[in-house]
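Dear colleague,

Please find below the structure I am handing over to you. My notes on it come after the model.

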Amino acid sequence: MGRKTLLILFIVLLAQGFLEAQTGIKSQGAYIKVSQGASVYCAGNIELKDQGNQSSKMELNGELFLSGDFINSSYTKVLDPISHTGGCIHFNGLEDIQKVRGDHGFAVHRAIVSNPFGLKLERDLGIYQDLFLEDGKLYTGSQMLVIFNSDAGAIKNFNEDRYIVGKIRRYLSVGDTPFPIGSETALQFLNLQFDREPGLLFVDASFSELPEYLQSPVELDGGSVTELLDNGSWELYSPQNPSQPFQLSLTSKEHNNGGENEGMHTFLIDKGYGWEKEGNLNRNQSSGFGENEIMATRDQVQSWGRFAIAKSDYILSNRVDVVQNLEIFNNGSPDKKVGIKFFSRDIGLYTLEIRDLKGAILYRKTSFALPGNNRAELDLQNYSESIYTLILRKEGSLLSHKIW
């Protein structure tokens, strides 16, 4: 009877829109519902446990501000995401790292991390709407952070001080999918880009911080690779290989063994048989956006496995690019048909892109190049009067030219 009385009091307080618990909240078989527009402030832990045949359950449609740990020892689904009114849990402790722990994980519409000491997952956490990183890192360890929302902005407000350390599972859609994940010491940003539906459900991405030296050097035209940048490698896993190639961009930060000159880095991939090159050297991609920061991009990636940015010892002046001598004809002509000519060192696929002044991709097409001079034509009749950037990519080489 006493437990029922407490539950009735709890609901009445929620109906008034505000409940403050100075210590903690412990439920043994109760059904706790935080209605839309209501707020619960808990200075201690929230613990959900079963009592006999009665399971605890929590439905969160309002706001839960939690300064302690969330402990789920109930067998039923908690923080029930069935209702679409929203609901948000704020991890806002100020004295120590907060934890999600217990016997089971849980799922929630929205989560906000605003603890400068961070949030540690000892059980899985699923998010259906978005994760907002206001202060502190989110540590997953061997547990899983699952972002069910496939929108690019499902993880908000991340930066070099606010990101995920450990592992992310992200569901995918067309466009860019950022993975703001890294080591304890540095954000190591990963980005996947799909032109059309990728034909897969999700990607797991994890990151290793330890530097790695290659036992067997990977030979590249003009030099060789003997080591990875300090921040180690990515591991990508999917339940099925994508039917459509994607673009993969990696950013290495806080390293001390990377080359400083543009083009001194390449992609490596390990499919379980040791490191090998993924295409040729990443010649003309920017490397050095800021101090101790290198970015490398690879188009037409189709394989899953470990990826890394590696340092090459090649000599830039002795290199011959895969594609050269990009020429544009009929720029600004009345019929808006632009001719393209370029030299390809070998046979293989190449990609043409048209980007606007803001960098947005307006057009992308993959074609086949033969050794020697190649020609193509672009029809700009459906484009407004403006200046665009034409980008040609092949095996890591990149050439660009302004068109109008």
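The notes below cover confidence, aromatic pairs, cavities and two strand residues.

This is a predicted model, in which local features need pLDDT of at least 70 and side-chain atom pairs count only at pLDDT 80 or more, while totals for chains, interfaces and linings use all residues. Residues are numbered from 1 along each chain as its sequence is written, and side-chain values use heavy atoms, with hydrogens and water left out.

Confidence. The protein chain has a mean pLDDT (the predictor's confidence in each residue, from 0 to 100) of 80, and 81% of its residues reach 70 or more. Strand β14 (residues 138-139) has the highest confidence in the chain, at a mean of 98, and helix α1 (residues 2-15) the lowest, at 40. Helices (H or I, at least four residues) and strands (E, at least two) are DSSP runs, numbered from the N terminus. Over residues 1-13 pLDDT stays under 50, and the model has 11 contacts (heavy atoms within 4.5 Å) for them beyond four places in sequence. Residues 315-319 also stay under 50, with 7 contacts beyond four places in sequence. Where pLDDT is low, the predicted coordinates should not be read in detail.

Aromatic pairs. The structure holds 11 aromatic pairs. Rings of Phe, Tyr and Trp (its six-membered ring) pair if their centres lie within 6.5 Å; planes under 30 degrees apart count as stacked, over 60 as edge-to-face and the rest as tilted. The pair of Y41 and F65 is stacked, because the ring centres are 4.4 Å apart and the planes lie at 5°. Since Y41 belongs to strand β4 (residues 39-42) and F65 to strand β7 (residues 63-66), this pair ties together parts that are 24 residues apart in sequence. Y41 is partly exposed, with a relative accessible area of 31%, whereas F65 counts as buried at 17%. Buried means under 20% relative accessible area, exposed over 50%, and partly exposed in between (1.4 Å probe, protein chains only).

F207 and W234 form a tilted pair, because their ring centres are 5.2 Å apart and their planes are at 50°. F207 lies in strand β21 (residues 202-207) and W234 in strand β23 (residues 223-237), so this pair joins parts that are 27 residues apart in sequence. F207 is buried at 14%, and W234 is buried at 1%. One aromatic cluster is formed by Y128, F148, Y171 and F202.

Cavities. A cavity is a set of points, on a 1 Å grid over the protein atoms alone, where a 1.4 Å probe fits but cannot get out; lining residues have an atom within 4 Å of a point. Grid points are joined across faces, edges and corners, and a volume is the space filled by probe spheres set on the points. The count comes to 2 cavities of 30 Å³ or more, and the largest has a volume of about 40 Å³. Its lining consists of K336, L380, Y383, S384, E385, S386, Y388 and W404. By class, this lining has 4 nonpolar, 2 polar and 2 charged residues (Ala, Val, Leu, Ile, Met, Phe, Trp, Tyr, Cys and Pro count as nonpolar, Asp, Glu, Lys and Arg as charged, and the others, Gly among them, as polar).

Two strand residues. E47 is placed in strand β5 (residues 46-49). Its C-alpha atom is separated by 4.8 Å from that of K26, 21 residues apart along the chain. S114, in strand β11 (residues 106-114), is buried at 13% relative accessibility.

With kind regards

Terms used. On a 1 Å grid over the protein atoms alone, a cavity is a set of points where a 1.4 Å probe fits but cannot get out, and a pocket is an open set with protein on both sides within 12 Å along at least five of seven lines; lining residues have an atom within 4 Å of a point.
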